[in-house]
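Hi there,

Here is the structure I promised to pass on. Have a look at it first, and then read my notes below.

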Amino acid sequence: MELYTRRAVSFTIAVDPTSESVVRGQDATYTVTATPFGGFSNAIALSCSGLPTGASCSFSSDITPGTTDESTLTLSTSAADTPGGSTDFTITGTSGAVTD
């Protein structure tokens, strides 16, 4: 009997810093890094969710392992609309059917 195994082809993403204080009306920047494994090499599209009212995010680029392994996330807030307090938000990387 022969046993064949397939290595999972995927990636993980990490964010630095993991926590940041932002004054309403100002921006914060984060570095988003992708680590591919199992031979993964496709482009990874990045997005944010769970942001409070008046906040938005943008990325300097998508990530393509081996070419561009990181992207700068800019989190922008509005002095008038973004509420005070602590908020967690989610950064997602997607490539085809693979999501982290």
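Let's start with a quick one: are F11 and F40 buried or exposed? Both of them are buried. Keep in mind, as you click around, that this is a predicted model.

First, the overall layout. You'll find seven strands and zero helices in the chain, so don't go hunting for a helix, because the pattern along the sequence reads β-β-β-β-β-β-β. The chain has 100 residues, and 23% of them count as buried. If you take the contacts with a separation of 6 or more, 61% come from residues 24 or more positions apart. As for the surface, the chain exposes about 6,400 Å², with carbon and sulfur atoms supplying 46% of that.

Now for the rings. The structure holds two aromatic pairs. One is made by F11 and F40, and it is tilted: the centres are 5.1 Å apart and the planes make an angle of 45°. This pair links distant parts of the chain, since F11 is in strand β1 (residues 10-16), while F40 is in the loop between β2 (27-37) and β3 (45-49), 29 residues apart.

The other pair is Y30 with F89, and this one is edge-to-face, at 6.1 Å centre to centre with 75° between the planes. It also links distant parts of the chain: Y30 is in strand β2 and F89 is in the loop between β5 and β6, 59 residues apart. Why do these two partners get different labels for burial? Y30 has a relative accessibility of 6%, so it counts as buried. F89 is at 24%, so it counts as partly exposed. The cut-off for buried is under 20%.

Last stop: T82. Where is it? Look in the loop between β5 (70-76) and β6 (90-95). T82 counts as buried because its relative accessibility is 5%. What does the side chain of T82 reach? One partner is the backbone oxygen of G54, at 3.1 Å, and another is the backbone nitrogen of S78, at 2.9 Å. Leaving aside neighbours within four places in sequence, T82 is in contact with R24, P52, T53, G54, A55 and T77. So G54 turns up twice, because it is on that contact list and its backbone oxygen is reached by the T82 side chain.

Have fun exploring!

Definitions and conventions. Residues are numbered from 1 along each chain as its sequence is written. This is a predicted model: local features need pLDDT of at least 70, side-chain atom pairs count only at pLDDT 80 or more; totals for chains, interfaces and linings use all residues. Side-chain values use heavy atoms; hydrogens and water are left out. Helices (H or I, at least four residues) and strands (E, at least two) are DSSP runs, numbered from the N terminus. Buried means under 20% relative accessible area, exposed over 50%, partly exposed in between (1.4 Å probe, protein chains only). A polar contact is a pair of N or O atoms within 3.5 Å; within protein, one must be able to donate a hydrogen and the other to accept it, and residues adjacent in sequence count only if both atoms are side-chain atoms. Contact means heavy atoms within 4.5 Å. Rings of Phe, Tyr and Trp (its six-membered ring) pair if their centres lie within 6.5 Å; planes under 30 degrees apart count as stacked, over 60 as edge-to-face and the rest as tilted. Accessible areas come from the Shrake-Rupley method with a 1.4 Å probe; for residues, only the protein chains shown count as cover.
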